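Visitor: Could you walk me through this one and tell me how each label is earned?
Guide: Sure, let's have it on screen and take the labels in turn.

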Amino acid sequence: MTDALRVQYEAYPYPARVPADEARRLITGSPSHLAEINHYLFGGCLDFQAPLRILFAGGGSGDGTIMLAQQLHDVGSPARITYLDLSEAARKIAEARAERRGLSNIEFFQGSLLEIEQHGLFDYIDCCGVLHHLEYPAAGLRSLVGALAPRGGIGLMVYAPYGRTGVYPLQAALRLITRDVEGQRPSSPAERVALTRRLLRHLPSTNWLRRNPIMGDHVISDAGLYDLLLHSQDRAYTVPELAQLVNEGGLAIKSFIEPARYQPQTYVRDPSLLKRLETLSFLEQAAWAEQICGATSKHIVYLTRPEDVACATVCLDDQPETLIPVPHGIDGPSLARQMPIGGILEAELEGLSLPISLPLPRLANALLSRIDGKTTLGELYKQLATIDGGKRTLSWETFFSQFCRLYEALNKVNKMLLRRSNVNNVNERKE
């Protein structure tokens, strides 16, 4: 860590958090939600009773660490989390948040992700918002890969350029007026923030950050302002640049979050255009979608080794009756009550001005009203198939086809995930 970065994160731990707030809410998100890790990296077969080892490399003030630690605690998992960050101030906040929740499944360390070999191997590694602040991001990723256990996976977030339009020109302008000048005392972090806020009040209407509706960290807190506009080491990655970084690190992109954001069909409906786009590879389509969208400010991806991609994928055709659909960030019964049968679900993605229209199948309402994250597809079929006094009127083939269409629509926006029931999994018995 450079001196400038050390000064920043000791003065303004990021994101700005108050430990007392843990009494009223748990901050959740991506990457590193337990249901996402299971779905995207372990094929829905993660054994929560196994002694998993998890690393948060650059844990900051603790959002991801606290989220996953709480979720693991709630399912009775013996998993252990290692938190690592260079900032003492950030570590103290994360520790205080864990103490407020009574979480004892986290070990806190202060140090660099470039020197993690002493901590052993990990089944899952979170690195959210860190690599893009390193002088040599590739070295950081290699360090993480070196600490990744066989069949393990990584949840990663890095900045993306197009949604951050206006950020980098303003960063450059601010360096000129907040830099240390010979003969004057160095500007403190608080003075740099004050100068920045003065400038923000006088930005012309043509300024690209002022015209960018996506960026708001500088409005929320001083820590957010410093991280967005005064950071001394900050770069963004296009999809091809991210893919190159990941490939050189010996990994593969298992999934983008949310998948629909990286699918051309989200933005165009013209059949002739789509026919051409269908010839592109997965990553080419993702890069094209990013260019057309123009509103992606960060990339959230789940990574695994190339040889592990297949086993990390949930196969719908492999014992489908044992699959458990898991609603993710939605209330299925409430959604079912609001929608007409065979209706269209309007889903919003951060940064997009218009919602995505997701056509749902005829049985969507009946399925959503019963999907609870505990019931298998086999049990759901029994509930729906035997009606009219015991007469079976719905075939498995029809039921499964209808579910697959519902799952495809909701998984595009990361609102439905899957896990296996035939795994030694305490979710089956713990309420």
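**Cavities, a histidine and a strand**

Guide: Let's start with a lining: that of the second largest cavity has three nonpolar, two polar and one charged residues. Keep in mind that this is a predicted model.

Visitor: Which residues line the second largest cavity?
Guide: They are P264, Q265, L274, L277, E278 and Q285. Pro and Leu count as nonpolar and Glu as charged, with Gln falling among the polar ones, so P264, L274 and L277 give the nonpolar part, Q265 and Q285 the polar part, and E278 the charged part. The volume here is about 30 Å³.

Visitor: How many cavities of 30 Å³ or more does the structure hold?
Guide: Two. The largest has a volume of about 60 Å³.

Visitor: What makes up the lining of the largest cavity, by class?
Guide: Eight nonpolar and two charged residues, with no polar ones. The lining consists of L34, I37, F42, L46, L52, R53, I54, L72, D123 and Y124. Asp and Arg count as charged, so R53 and D123 are the charged pair. Tyr counts as nonpolar, so Y124 goes with the nonpolar group.

Visitor: Which element gives the largest share of that lining?
Guide: Helix 2, with three residues. Strand 1 (53-57) and strand 4 (122-128) also give two or more residues each.

Visitor: Why is H328 called buried?
Guide: Buried means under 20% relative accessible area. H328 has 11% relative accessibility, so the label fits. H328 is found in the loop between strand 8 (323-327) and helix 13 (332-338).

Visitor: What makes the H328 and E36 pair a polar contact?
Guide: The cut-off for a pair of N or O atoms is 3.5 Å. The side chains of H328 and E36 are joined at 2.9 Å, so the distance passes. Beyond its neighbours within four places in sequence, H328 is also in contact with residues including H33, N414 and M416.

Visitor: M416 sits in strand 13 (residues 416-420); how do you know that both faces of the strand are covered?
Guide: In a regular strand, side chains alternate between the two faces of the sheet. On one side of strand 13 there are M416, L418 and R420, on the other L417 and R419, and all are buried. That is five of five residues, so "mostly covered" is earned under the 20% cut-off.

Visitor: And why do strands 8 and 13 count as paired?
Guide: Pairing takes at least two bridges. Strand 8 and strand 13 have five and run antiparallel, so they qualify. P325 stands opposite L418 in strand 13.

Conventions
Residues are numbered from 1 along each chain as its sequence is written. This is a predicted model: local features need pLDDT of at least 70, side-chain atom pairs count only at pLDDT 80 or more; totals for chains, interfaces and linings use all residues. Side-chain values use heavy atoms; hydrogens and water are left out. On a 1 Å grid over the protein atoms alone, a cavity is a set of points where a 1.4 Å probe fits but cannot get out, and a pocket is an open set with protein on both sides within 12 Å along at least five of seven lines; lining residues have an atom within 4 Å of a point. Grid points are joined across faces, edges and corners, and a volume is the space filled by probe spheres set on the points. Helices (H or I, at least four residues) and strands (E, at least two) are DSSP runs, numbered from the N terminus. Buried means under 20% relative accessible area, exposed over 50%, partly exposed in between (1.4 Å probe, protein chains only). A polar contact is a pair of N or O atoms within 3.5 Å; within protein, one must be able to donate a hydrogen and the other to accept it, and residues adjacent in sequence count only if both atoms are side-chain atoms. Contact means heavy atoms within 4.5 Å.
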